[in-house]
Amino acid sequence: MKKRIHSREVEAATRALIKERGVSIQDIADIVFKMQSPYVDDLSMDDCIESVEAVLMKREIQHAVLVGIELDKLAEQGKLSEPLQSIVEMDEGLFGVDETIALGAVFGYGSIAVTTYGHLDKQKIGIIEKLDTKSGNGVHTFLDDLVASIASNASSRLAHRLRDREEALDEEEREKRDKEERIG
């Protein structure tokens, strides 16, 4: 029987892969800030970073990132079978599996996350645009969509947390709600 991998190990691997692929927590938080600042006068970058960090603790996100980045890396190494190799390597426009995986990981944070993901998928804001340009070395067919997914989830989570603060929910109630969001 194979051994079960501890969730801390999965989270650490997820964070390491994102960093290895040239994306920082700050890059994702910058997108969250851009998405939420029109709605929140006193939004801080610390709030955005904290929200990205919390989203990266969610197993559904971790699993999507691990699968997507692995496929990107295999495509870079030419290790996928044809025609999948060419489709992923060139980020074929009609190939929607990358968006499907990223969108599946968005559903845990509700309609705000879903609509934000759609916006980011079309507008290619921040690091997403850099990853999507297909210039230079590296295949980021999955990573650009996964970053959009993380940023969308963090934006939705933040919007709900800020409302909880606005409604003067105590820290215990906010923490309880946050733990409920991390299920899955």
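Is M35 buried or exposed in this predicted model? M35, a residue of helix α2, is buried, since its relative accessible area is 13% and a residue counts as buried under 20%. Leaving aside residues up to four places away in sequence, M35 touches T116, H119, L120, I125 and S155. One of these partners, H119, stands 84 residues from M35 in sequence, while the C-alpha atoms of M35 and H119 are 9.6 Å apart in space.

From M35 the reader can move on to S152, a residue found in helix α9. S152 has a relative accessibility of 0% and therefore counts as buried. Beyond residues up to four places away in sequence, S152 touches A113, T116, Y117 and L120. T116 and L120 are also among the residues that M35 touches.

A113, one of the residues in contact with S152, has its place in helix α7, and with a relative accessibility of 0% it counts as buried. Its own contacts, again not counting residues up to four places away in sequence, are V106, S152, N153 and S156. A113 and N153 are 40 residues apart along the chain, and their C-alpha atoms are separated by 5.1 Å.

Helix α3, which spans residues 45-55, offers another view of burial, for D47, C48, S51, V52, A54 and V55 are buried there. These residues cover an arc of only 160° around the axis, and so they lie on the same side of α3. A general property of helices helps in reading this pattern: an α-helix has 3.6 residues a turn, so residues three or four places apart point the same way. The buried residues of α3 pack against α2 (25-36), α4 (59-76) and α9.

Helix α9 also has a part in the largest pocket, whose volume is about 190 Å³. The lining of this pocket is formed by Q36, Y39, V40, A159, L162, R163, R165 and E166. Helix α9, which covers residues 143-166, supplies the largest share of that lining, namely 5 residues. By character, the lining residues divide into 4 nonpolar, 1 polar and 3 charged.

The aromatic residues come next, and here the structure holds 1 aromatic pair. The ring centres of F95 and F142 lie 6.1 Å apart and the ring planes stand at 85°, so the pair is edge-to-face; the angle that this description requires is over 60 degrees. F95 belongs to the loop between α5 (84-90) and α6 (97-106), and F142 to the loop between α8 (127-132) and α9, so the pair ties together parts that are 47 residues apart in sequence. Both F95 and F142 are buried.

The loops also contain some backbone features to look at in turn. E82 and P83 are joined by a cis peptide bond, with omega at about 10°, and P83 lies in the loop between α4 and α5. In the loop between α5 and α6 lies D91, which has a positive phi of about 50° although it is not a glycine. D91 is buried, with a relative accessible area of 15%. K124, in the loop between α7 (110-123) and α8, likewise has a positive phi, near 55°, in a residue other than glycine. With a relative accessibility of 17%, K124 counts as buried.

Which residue of the loop between α4 and α5 can be set beside these buried positions? K79 lies in that loop, and at 57% relative accessibility K79 counts as exposed, because the cut-off for an exposed residue is over 50%. When residues up to four places away in sequence are left out, K79 touches L74 and Q85. K79 and A29 are 50 residues apart in sequence, and the distance between them in space is 33 Å, C-alpha to C-alpha.

Note on methods: Residues are numbered from 1 along each chain as its sequence is written. This is a predicted model: local features need pLDDT of at least 70, side-chain atom pairs count only at pLDDT 80 or more; totals for chains, interfaces and linings use all residues. Side-chain values use heavy atoms; hydrogens and water are left out. On a 1 Å grid over the protein atoms alone, a cavity is a set of points where a 1.4 Å probe fits but cannot get out, and a pocket is an open set with protein on both sides within 12 Å along at least five of seven lines; lining residues have an atom within 4 Å of a point. Grid points are joined across faces, edges and corners, and a volume is the space filled by probe spheres set on the points. Helices (H or I, at least four residues) and strands (E, at least two) are DSSP runs, numbered from the N terminus. Ala, Val, Leu, Ile, Met, Phe, Trp, Tyr, Cys and Pro count as nonpolar, Asp, Glu, Lys and Arg as charged, and the others, Gly among them, as polar. Buried means under 20% relative accessible area, exposed over 50%, partly exposed in between (1.4 Å probe, protein chains only). The arc is that of the directions from the helix axis to the C-beta atoms. Contact means heavy atoms within 4.5 Å. Rings of Phe, Tyr and Trp (its six-membered ring) pair if their centres lie within 6.5 Å; planes under 30 degrees apart count as stacked, over 60 as edge-to-face and the rest as tilted.
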